[in-house]
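Trainee: I would like to learn how to read pockets and backbone angles. Where do we begin?

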Amino acid sequence: MRPQDRPGKSSRNQWIIMGCAVLAVVLVAVGVVLLVTGGSKDADPVAQQTPDPVGTLYTPSPTPTPNDSKGPNDTGVEVGWGVWFTPAKGWLPDWDKSKGGKNYILQQFNARGLIDGYYWVRQTELYDAKGFAEHLVDIESNGMQGVRIGKGVACKPATPAVKACYALSYTGVWVAKNGKKIAMQGFVTAYQDQFDRVTATDAALETRVYKRRVNELIYMNNSVVKSL
């Protein structure tokens, strides 16, 4: 372009103003696009984006349920809730079938109808371990004379299935209908699982045979713990 063909100052100003106007239009257009698309050509329009429904960002772990299927340590007699126990040699099922749970008795030698002791396994959801142990000791000692209840002990068996454990011992004199008095010694141990179901062992022997046969009660108690 020759100098004489160049636009004058006023013409140049007009071109500059027109150029700025075009640029402003372009910038506005780009801004609208960014606003609509969210800054990405692959994104959905804002009008089509919806927030995640409440609760979908956190999924709580499922509530655990008890597994009461038979396991390798479930042997002998089934009590309930997947709990079993193994009766010691010489212990027989109680002939009174009206009793709840599982009750085994130790008959006196050559004295049919008389027993030296009993081992009773019962379950509840109405008490915790401590409450059920205390309840059973009260029941067992209610018909005795000279009852002495030992100090309760909170125990913890080596199994994660037991949430709480409580044990109580007692002594007393049971009075038969004919007036005969029999010294008894016993204990109750209650085991509470993580679902707040309680299995309690209620065991007693005549004092005259207690030291000789208490290991049989311990053996049966250990079989319950293994089954829990």
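Mentor: Start with exposure. Buried means under 20% relative accessible area, exposed over 50%, and partly exposed in between. The model here is a predicted one.

Trainee: Is Trp81 buried, exposed or partly exposed?

Mentor: Trp81 has a relative accessible area of 27%, so Trp81 is partly exposed. Its place is the loop between β1 (77-80) and β2 (83-85).

Trainee: How do I read phi?

Mentor: Most residues other than glycine have a negative phi. Trp81 has a positive one, near 55 degrees. Asp196 also has a positive phi, near 65 degrees.

Trainee: Where is Asp196 found?

Mentor: Asp196 sits in the loop between β9 and β10 (198-206). With a relative accessible area of 35%, Asp196 is partly exposed.

Trainee: Now pockets. How much space lies in the largest pocket?

Mentor: About 660 Å³. Its lining has 25 residues, with Lys99, Ile115, Tyr118, Trp174 and Met184 nearest the centre. Elements giving two or more residues to that lining are β4 (102-108), β5 (111-124), α2 (129-141) and β9 (181-193). The largest share, eight residues, is from β5.

Trainee: What is the chemical make-up of that lining?

Mentor: Twelve residues are nonpolar, six polar and seven charged.

Trainee: And how much space lies in the second largest pocket?

Mentor: About 330 Å³. It is lined by 20 residues, and Trp81 returns here: Asn67, Asp68, Trp81, Ala161 and Leu228 are the closest to the centre. In this second largest pocket, β9 gives the largest share of the lining, three residues. The lining divides into seven nonpolar, nine polar and four charged residues.

Definitions and conventions
Residues are numbered from 1 along each chain as its sequence is written. This is a predicted model: local features need pLDDT of at least 70, side-chain atom pairs count only at pLDDT 80 or more; totals for chains, interfaces and linings use all residues. Side-chain values use heavy atoms; hydrogens and water are left out. On a 1 Å grid over the protein atoms alone, a cavity is a set of points where a 1.4 Å probe fits but cannot get out, and a pocket is an open set with protein on both sides within 12 Å along at least five of seven lines; lining residues have an atom within 4 Å of a point. Grid points are joined across faces, edges and corners, and a volume is the space filled by probe spheres set on the points. Helices (H or I, at least four residues) and strands (E, at least two) are DSSP runs, numbered from the N terminus. Ala, Val, Leu, Ile, Met, Phe, Trp, Tyr, Cys and Pro count as nonpolar, Asp, Glu, Lys and Arg as charged, and the others, Gly among them, as polar. Buried means under 20% relative accessible area, exposed over 50%, partly exposed in between (1.4 Å probe, protein chains only).
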